[in-house]
Number of protein chains: 2
Amino acid sequence: MGKQAVTIVDVAKAAGVSPSTVSHALSGKREISRPVKERIFEKIRELDYRPSFYAQAMKSNSTGMIGVVVNECRNPGTSLFIDSLAAELEKYSYKIVVGLAGLNHRKGAELLRHFSAGLVDGVFNLLPQITPEEAQVLCGSTPVVTNIRDRSIPIRLDYDKLTWTILHYLRDLGHRRIGYISSPTRDPRRPDSEATRQIMAEFLQKYGEEFDPRLVVEGDDSIEGGVSGTEQIMNHGDVTAIFAGNDQTAFGIYRWAYLNGVQIPDDLSVIGFDDVPQAATLIPPMTTVRFPVQEIVAHTVKLLIAKLRNETLPPGQISLEMPLVIRNSVADRNPCSRKSWNKTISGKQISTLNPRERTSTERSMTCQ
Amino acid sequence: MGKQAVTIVDVAKAAGVSPSTVSHALSGKREISRPVKERIFEKIRELDYRPSFYAQAMKSNSTGMIGVVVNECRNPGTSLFIDSLAAELEKYSYKIVVGLAGLNHRKGAELLRHFSAGLVDGVFNLLPQITPEEAQVLCGSTPVVTNIRDRSIPIRLDYDKLTWTILHYLRDLGHRRIGYISSPTRDPRRPDSEATRQIMAEFLQKYGEEFDPRLVVEGDDSIEGGVSGTEQIMNHGDVTAIFAGNDQTAFGIYRWAYLNGVQIPDDLSVIGFDDVPQAATLIPPMTTVRFPVQEIVAHTVKLLIAKLRNETLPPGQISLEMPLVIRNSVADRNPCSRKSWNKTISGKQISTLNPRERTSTERSMTCQ
DNA sequence: CTGCGCAATCAAAACGTTTTGACGGTTGTT
DNA sequence: AACAACCGTCAAAACGTTTTGATTGCGCAG
């Protein structure tokens with residue numbers, strides 16, 4: 001529409017110098033004499049000149065911005081990730097652009113394309129529906145990393161082991177029929193719910209028990225999805241514990257329980273995933289898995305920055321733990337309470353809010 | 001750094017036409033013959049050409065993006081607002097850029113300046129620390145609207161009346177010493193906590209009681225701030241109810257209560273503000289104020305769009321209600337329970353999650 | 001056969017920067 | 001006194017688009 005209010009040429013004219021001199025005064029890439037420099041800066045202030053972001057971006061062919069595409073911001077796990085990402089990227093003086101795709105696959109794809117047309121220097125794809133490969137295609141030559149499923153991220157997160165640990169933990173406390181509500185996924189290589197079904201089947205096989213696939217349902221990372229997922233699962237009787245793919249969904253389990261007069265943990269045990277701050281504020285405080293956002297973001301950002309600079313990261317993966325943070329949403333259903341994981345640790349767990357302070361106790365929970 | 005992968009010139013060369021022809025084929029602003037057009041589009045696909053966002057922005061001097069600056073995303077009220085904003089702006093085919101300022105005033109100001117240097121066409125300032133006037137200065141000629149305090153927004157939200165309603169509601173249920181945890185503010189004209197102090201004093205005066213200013217403290221919109229704010233308030237004895245400037249802070253009250261073995265609502269009543277989805281998942285479900293995000297966002301966006309188009313909005317303010325959503329976090333402390341607002345309505349309230357379904361009941365609560 | 005209007009395409013300018021090579025002028029070295 | 005080195009400044013080109021007036025070639029009416 002209209003022209004930019006005041007340009008570098010206006011400043012140059014006002015100060016009686018050439019535009020390039022103003023540019024140099026601003027960037028400091030060449031020496032400018034004291035009096036001239038002062039005159040320039042005076043005019044800049046006077047005219048309230050702001051270098052056009054776009055002209056700069058066009059010259060340098062880089063924007064200092066990183067795009068992050070998510071389903072929606074309202075999921076506390078997502079917003080935590082975003083905050084964390086912004087904080088980490090700031091160290092490299094990058095800003096972030098958040099793209100909200102909703103639950104719409106097409107819109108997500110569009111957003112990725114849009115972003116990678118020079119709007120940002122790099123992209124974080126946090127959409128579970130879009131695979132790393134698909135994202136790479138959509139982003140063309142713009143570096144992109146996809147969540148934590150991206151092979152190129154030097155982090156190993158052992159979800160299978162985690163599932164195993166949770167199942168073990170629950171069984172140890174006397175739970176037999178266990179439900180799971182997953183995140184939505186379209187990754188053909190690793191459909192979240194399918195993978196979990198498989199592990200649950202394997203796990204039960206060990207005990208010579210049969211697996212009921214109806215106890216694993218796919219949610220949509222929302223509270224409502226958690227409520228209806230719980231409803232579905234509870235229809236199949238005798239379920240005493242449900243774990244969820246994220247805390248938001250787990251909140252839905254709480255909600256369902258309240259609406260149906262079911263007590264947590266006495267009647268139904270719950271385990272979440274993410275360990276968002278709100279998880280500790282529930283009553284009873286929710287047992288959940290601490291997703292190491294900070295570390296993951298730190299490493300992922302490092303990778304992205306390396307890609308941006310055309311550097312290559314020193315090889316070698318690090319393995320990150322996802323400890324079970326034991327609070328009070330899982331009941332011990334054993335007739336005579338034997339050495340229960342729950343009772344011994346929960347006292348200390350619940351007394352702190354800050355994840356950092358809990359590390360020592362958590363670690364022990366992840367060893368097998 | 002490097003050049004853009006493939007430009008319009010490359011496409012033009014490949015198709016044997018001039019760049020302007022390609023541009024016209026793309027924009028459709030001039031007729032291009034069938035065969036040429038097809039050749040062009042073929043090459044575009046073949047080379048995976050994407051028009052440079054920045055070059056386009058520079059020509060049109062507009063980006064199709066709106067910036068929104070917030071403290072942090074992790075506050076569910078904030079993320080809800082962001083989601084809502086994105087959805088609304090999409091109708092006008094604007095995208096959003098989210099800027100995270102943390103609790104840092106300087107960074108917020110920087111972000112606003114940065115945004116308004118052509119990065120976005122308009123700005124939403126959601127920082128409570130930055131006043132509409134300050135924001136306007138920082139943004140220069142870029143249109144900006146500041147949260148809901150902006151005089152130019154055609155919405156009237158009567159916070160004073162709301163505070164009055166809450167105080168009334170609580171007093172009616174037998175609460176005498178009432179605490180408040182505010183949002184952080186630097187607005188000299190309307191310091192949030194100060195305004196509330198004043199109203200509380202007026203309210204108590206009506207009953208010939210004295211007001212204890214120590215019962216109003218300033219939070220930082222975080223759970224931790226809620227915990228420590230509650231701690232401070234509870235130090236001054238006999239407080240039976242606390243209301244908060246937002247739900248995130250109210251979660252902190254729940255947290256404090258749990259950590260200190262205090263029962264909600266029996267020992268301490270809580271009222272939040274925002275009505276984020278998580279508020280209903282707490283046990284007991286939290287009584288809170290429904291902040292009409294949807295409507296506010298709709299109107300505010302309308303205003304911003306008008307500013308962008310240099311149009312002027314038809315005058316006339318609309319008044320939006322902020323109904324108290326009564327759930328179960330407030331106790332009736334009257335010896336013999338007389339007509340209590342709580343008991344009569346809560347049954348219906350808690351049975352639904354979707355705010356839309358609650359409207360009729362809510363309204364009645366706001367009529368003084 | 002000339003001239004006109006029209007459709008399709010092109011060439012050039014513009015947007016606001018940064019960058020680079022060039023140009024005077026001063027200073028310092030022999 | 002001559003020359004090199006250097007400093008401060010400038011002019012011009014470049015970045016990838018869009019836009020606009022100009023230029024073709026064509027069919028068709030006079």
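Glu38(A) and Arg34(A) sit four residues apart in helix α3 (residues 34-47) of chain A, so about one helical turn separates them. Helices here are DSSP runs of H or I with at least four residues, strands are runs of E with at least two, and both are numbered from the N terminus. The two side chains meet in a salt bridge, with 3.4 Å from N to O. That term stands for a side-chain nitrogen of Lys or Arg within 4 Å of a carboxyl oxygen of Asp or Glu. Glu38(A) is partly exposed at a relative accessible area of 46%, while Arg34(A) is exposed at 62%. (Buried means under 20% relative accessible area, exposed means over 50%, and partly exposed is in between, using a 1.4 Å probe and protein chains only.)

Before going on, a word about what you're looking at. This is a predicted model, in which local features need pLDDT of at least 70 and side-chain atom pairs count only at pLDDT 80 or more, while totals for chains, interfaces and linings use all residues. Residues are numbered from 1 along each chain as its sequence is written, chains are lettered from A and ligands numbered from 1 in the order in which they are written, and side-chain values use heavy atoms, leaving out hydrogens and water.

**More salt bridges**

A search of the whole structure turns up 32 salt bridges over all chains. Two of them are in chain B. Arg156(B) pairs with Asp158(B), their closest N and O atoms being 3.5 Å apart. Arg156(B) is partly exposed at 44% relative accessibility, and Asp158(B) is partly exposed too, at 27%. Then there's Arg290(B) with Glu295(B), at 3.6 Å between the closest N and O atoms. Here Arg290(B) counts as buried at 14%, whereas Glu295(B) is partly exposed at 29%.

**Where the two protein chains meet**

How many residues of chain B are in contact with chain A? There are 67 of them, touching 67 residues of chain A, where contact means heavy atoms within 4.5 Å. Together the two chains bury about 5600 Å², 59% of it on carbon and sulfur atoms. Buried area is the accessible area (1.4 Å probe) that two parts lose on being put together, summed over both. Arg50(B), Tyr54(B) and Arg255(B) supply 14% of the area that chain B buries against chain A, more than any other three residues.

Six salt bridges run between chain B and chain A. One involves Asp48(B) and Arg113(A), at 3.2 Å from N to O. A network of salt bridges also links Asp48(A), Arg50(A) and Arg113(B). Across this interface, 23 residue pairs are in polar contact, both residues being at pLDDT 80 or more. A polar contact is a pair of N or O atoms within 3.5 Å; within protein, one must be able to donate a hydrogen and the other to accept it, and residues adjacent in sequence count only if both atoms are side-chain atoms.

On the side of chain B that touches chain A, α6(B) gives the most, with eight residues. By class, this side has 37 nonpolar, 18 polar and 12 charged residues. (Ala, Val, Leu, Ile, Met, Phe, Trp, Tyr, Cys and Pro count as nonpolar, Asp, Glu, Lys and Arg as charged, and the others, Gly among them, as polar.)

**The DNA strands**

DNA strand D has 29 residues around it, and Thr21(A), Arg30(A), Val36(A), Ile8(B) and Arg30(B) come nearest. DNA strand C is surrounded by 29 residues, the closest being Ile8(A), Arg30(A), Thr21(B), Arg30(B) and Val36(B). A residue is near a strand if one of its heavy atoms lies within 4 Å of it. Of the strand D atoms within 4 Å of the protein, 57% belong to sugar or phosphate and the rest to bases; for strand C, the sugar or phosphate part is 54%.

Here are some polar side-chain contacts with the DNA:

| Side chain | DNA atom | Distance |
|---|---|---|
| Arg30(A) | base oxygen, strand D | 2.7 Å |
| Lys59(A) | base nitrogen, strand D | 2.7 Å |
| Arg30(B) | base oxygen, strand D | 2.3 Å |
| Arg30(A) | base oxygen, strand C | 2.4 Å |
| Gln56(A) | phosphate oxygen, strand C | 3.0 Å |
| Lys59(B) | base nitrogen, strand C | 2.8 Å |

Which elements supply at least two residues each of the surface near DNA strand C? They are α2 and α4 of chain A, together with α2 and α4 of chain B. The surface near strand C holds eight nonpolar, 13 polar and eight charged residues.
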